[in-house]
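Trainee: Please take the aromatic rings of this model and go through their contacts closely. Follow with whatever else in the chain deserves a careful look.

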Amino acid sequence: MTHKIILDTDPGIDDAMAIFFAFQSPDIEVLGLTTVYGNVPVTMSARNALTLCELAEQDIPVTQGVGMPWVGPESGYAHFVHGDDGFGNIDFPASQRDLDPRSSAQFIVDMARQHPGEITLVAIGPLGNLALALRLEPNLPQLVKGVAIMGGAAFVKGNVTPVAEANIWNDAHAAEIVFAADWDLKMFGLDVTNSVPFTPDFMDDLELRNQKLGGFVKKSSEFYTDFYSQGRDDRVCFFHDAMPLAYLVNPELFEMTRGHARVSTDPLNRGQTSVAPIGTTMSPLWLEASQIDVATKVDHERLRQLYLDTYAL
Ligand SMILES: [Ca+2]
């Protein structure tokens with residue numbers, strides 16, 4: 001079965017790796033890339049998404065979305081992880097293609113109305129576009145097939161604060177809206193993404209399988225790997241963003257836990273994703289919270305092979 005998706009993204013090095021995976025997979029049809037601020041400012045996200053589409057020879061709509069959190073001032077960006085250009089300072093020529101004139105949220109709503117019940121929204125950045133789309137079209141949960149996100153940390157510690165993962169922390173109020181909506185939400189957070197370190201030999205293999213796209217990922221991952229390898233003896237990086245896409249293609253690689261979930265907007269715990277597995281609480285407040293599926297385990301070796309095989313297609 002082919003999954004129709006809209007990929008909401010803030011490229012970003014692991015975004016690039018994920019976007020190419022989606023383009024390469026015969027089981028995924030990407031209807032468009034909707035961009036959001038996050039790793040980099042939204043104007044750079046949008047330009048980078050166009051550049052990735054051009055490199056991959058994909059002529060699909062790319063939109064620019066929200067550039068600010070739902071509440072509060074402009075966010076800081078993660079240039080220290082992704083480089084000044086979002087691609088690890090590789091000086092890659094930017095695409096001159098044009099953006100789709102619609103906002104990311106409007107594009108999501110338009111596509112959902114056009115293909116009711118068929119689209120999975122895959123969000124691998126902060127969740128402002130999805131929250132805004134829910135405001136534009138309150139029936140959006142009934143118009144899409146489901147939502148799969150990279151974000152959160154349910155049963156493990158955070159990466160921006162002791163309790164919060166970057167995508168959720170970056171726009172906690174938007175995430176709270178997205179988590180509370182009545183749709184099939186699957187969360188791929190640090191519980192699984194931080195459990196699979198990728199070493200330089202994986203990047204070499206990726207380039208061997210696909211010189212153009214794998215080669216781009218390998219080159220841009222140098223800077224990214226420098227960041228993740230600080231204080232370690234080995235060189236590693238984490239391709240967080242490809243996980244929800246891998247799930248669409250091969251769900252049996254993952255172990256999922258269903259639970260009631262909440263996102264904190266309290267300053268100290270901002271962006272914390274708390275999950276109470278079904279049957280573990282009688283608290284009325286918690287029983288009211290939406291149920292989501294959280295990825296809690298992944299088969300490393302088969303995941304790695306899936307990425308390599310897909311890049312080789
Ligand atoms: Ca991302």
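Mentor: Start with Arg-262, whose charged end sits over the ring of Trp-286 at 6.0 Å from the ring centre (Lys NZ or Arg CZ within 6 Å of the centre and within 35 degrees of the ring normal). A second case is Arg-270, which lies over the face of Trp-169, 3.9 Å from the centre of that ring.

The model is predicted, with local features needing pLDDT of at least 70 and side-chain atom pairs pLDDT 80 or more, while totals for chains, interfaces and linings use all residues. Numbering runs from 1 along each chain as its sequence is written, and side-chain values use heavy atoms, without hydrogens and water.

Over the whole structure, a search returns 17 aromatic pairs (Phe, Tyr or six-membered Trp ring centres within 6.5 Å; planes under 30 degrees apart are stacked, over 60 edge-to-face, the rest tilted). Phe-188 and Tyr-247 form a tilted pair, because their ring centres are 5.2 Å apart and their planes meet at 50°. Phe-188 belongs to strand β6 (residues 185-188) and Tyr-247 to helix α12 (residues 243-249), so this pair ties together parts that are 59 residues apart in sequence (DSSP runs: helices H or I, at least four residues; strands E, at least two; numbered from the N terminus).

Both partners are away from the surface. Phe-188 is buried at a relative accessible area of 0%, and Tyr-247 is buried at 15% (buried is under 20%, exposed over 50%, partly exposed in between; 1.4 Å probe, protein chains only). Tyr-247 also pairs with Phe-254, and this contact is edge-to-face, with 5.8 Å between the centres and 65° between the planes. Phe-254 is buried too, with a relative accessible area of 9%.

Elsewhere, ring pairs link a cluster made up of Phe-21, Phe-80, Phe-198, Phe-202, Tyr-224, Phe-227, Tyr-228, Phe-238, Phe-239 and Tyr-307.

The calcium ion comes next. Its protein donors are the OD atoms of Asp-10, Asp-15 (listed twice) and Asp-241, together with the backbone-type label O of Ile-124, at 2.2 to 2.6 Å from the ion (N, O and S atoms within 2.8 Å of a metal, 3.2 Å for Na, K and Ca; water is not among the atoms, so sites may look incomplete). The spacing of the donor residues in sequence reads D-x4-D-x108-I-x116-D. Asp-15 in helix α1 and Asp-241 in the loop between α11 and α12 link parts of the chain 226 residues apart. Asp-15 and Asp-241 are both buried.

Another long-range contact involves Ser-25, in the loop between α1 and β2 (28-35). The C-alpha atoms of Ser-25 and Tyr-311 are 8.0 Å apart, although 286 residues separate the two in sequence. Ser-25 is buried, with a relative accessible area of 4%.

Some backbone geometry remains. Most residues other than glycine have a negative phi, and most peptide bonds are trans. The bond from Pro-11 to Gly-12 is cis, with omega near -20°, and Gly-12 is in the loop between β1 (3-9) and α1. Asn-89 is not a glycine, yet its phi is positive, about 55°; Asp-91, also not a glycine, has a positive phi of about 60°. Asn-89 is in the loop between α3 and α4 (104-114), and Asp-91 is in the loop between α3 and α4. Asn-89 is partly exposed at 39% relative accessibility, whereas Asp-91 is exposed at 74%.
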